Amino acid sequence: MINLYSLGHFLQWFFLGRYLIKSWTLFFILSLGWEIVELYIPFEFAKEYFSNKIADILINCLGFYSGLVSKKSS
């Protein structure tokens with residue numbers, strides 16, 4: 001369920017939460033929207049089990065939350 005792409009997801013959403021996006025609503029639209037797009041694009045990197053999709057969303061949430069918290073603490 002967790003793979004190298006998970007680290008990329010975490011870092012991407014950490015930096016977006018830290019520097020660009022402050023809205024959970026926008027975060028969910030972008031995060032879930034991309035996971036849905038991945039179901040339809042014909043590239044090998046997008047082919048994964050449903051459990052990986054759930055893990056990606058959880059990692060995205062953790063990364064975004066961490067970015068928001070790190071912004072507040074600095």
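Trainee: Which residues is Lys-22 in contact with, leaving aside its neighbours within four places in sequence?
Mentor: In this predicted model, Lys-22 is in contact with Gly-17, Phe-64, Leu-68 and Lys-71, once neighbours within four places in sequence are left aside.

Trainee: And where is Lys-22 found?
Mentor: Lys-22 sits in the loop between α1, residues 4-20, and α2, residues 24-38.

Trainee: What does the side chain of Lys-22 reach at 3.0 Å?
Mentor: The side chain of Lys-22 reaches the backbone oxygen of Gly-17 at that distance. In addition, a polar atom of the Lys-22 side chain lies 3.2 Å from the backbone oxygen of Arg-18.

Trainee: Why does Lys-22 count as partly exposed?
Mentor: Its relative accessibility is 44%. Lys-22 is therefore partly exposed, because that class lies between the 20% limit for buried and the 50% limit for exposed.

Trainee: How many Å apart in space are Lys-22 and Val-37?
Mentor: They are 23 Å apart, C-alpha to C-alpha, with a separation of 15 residues in sequence.

Trainee: Let us turn to the interior. Which residues make up the largest nonpolar core?
Mentor: That core has 8 residues in all: Trp-13, Leu-16, Ile-21, Phe-27, Ile-57, Cys-61, Phe-64 and Leu-68. The elements that give two or more residues to this core are α1 and α3, the latter spanning 50-73. Phe-64 and Leu-68, both members of the core, are also among the contacts of Lys-22.

Trainee: Which element gives the most to this core?
Mentor: Helix α3 does, with 4 residues. As a general point, nonpolar side chains tend to be buried together in soluble globular proteins.

Trainee: What does Ile-57 touch, not counting residues up to four places away in sequence?
Mentor: Ile-57 touches Leu-32 and Glu-35 on that count.

Trainee: Now Ser-31: buried or exposed?
Mentor: Ser-31 counts as buried, because its relative accessibility is 2%, and the limit for buried is under 20%. Ser-31 is found in helix α2. Beyond four places in sequence, Ser-31 is in contact with Trp-13 and Asn-60; Trp-13 is one of the core residues.

Trainee: And on the surface, which residues form a nonpolar patch?
Mentor: The patch is formed by Leu-4, Leu-7, Leu-11, Phe-15, Tyr-19 and Leu-20, and together they have about 680 Å² of accessible area.

Trainee: Where does Leu-7 lie, and what is its relative accessible area?
Mentor: Leu-7 lies in helix α1. Its relative accessible area is 47%, so Leu-7 is partly exposed.

Key: Residues are numbered from 1 along each chain as its sequence is written. This is a predicted model: local features need pLDDT of at least 70, side-chain atom pairs count only at pLDDT 80 or more; totals for chains, interfaces and linings use all residues. Side-chain values use heavy atoms; hydrogens and water are left out. Buried means under 20% relative accessible area, exposed over 50%, partly exposed in between (1.4 Å probe, protein chains only). Contact means heavy atoms within 4.5 Å. A polar contact is a pair of N or O atoms within 3.5 Å; within protein, one must be able to donate a hydrogen and the other to accept it, and residues adjacent in sequence count only if both atoms are side-chain atoms. Patches are made of residues with over 30% relative accessible area and no salt bridge: like charges are joined within 9 Å, nonpolar side chains (Val, Leu, Ile, Met, Phe, Trp, Tyr) within 5 Å. Accessible areas come from the Shrake-Rupley method with a 1.4 Å probe; for residues, only the protein chains shown count as cover. A salt bridge is a side-chain nitrogen of Lys or Arg within 4 Å of a carboxyl oxygen of Asp or Glu. A nonpolar core is a set of buried Ala, Val, Leu, Ile, Met, Phe, Trp, Tyr and Cys residues joined through side-chain atoms within 4.5 Å.
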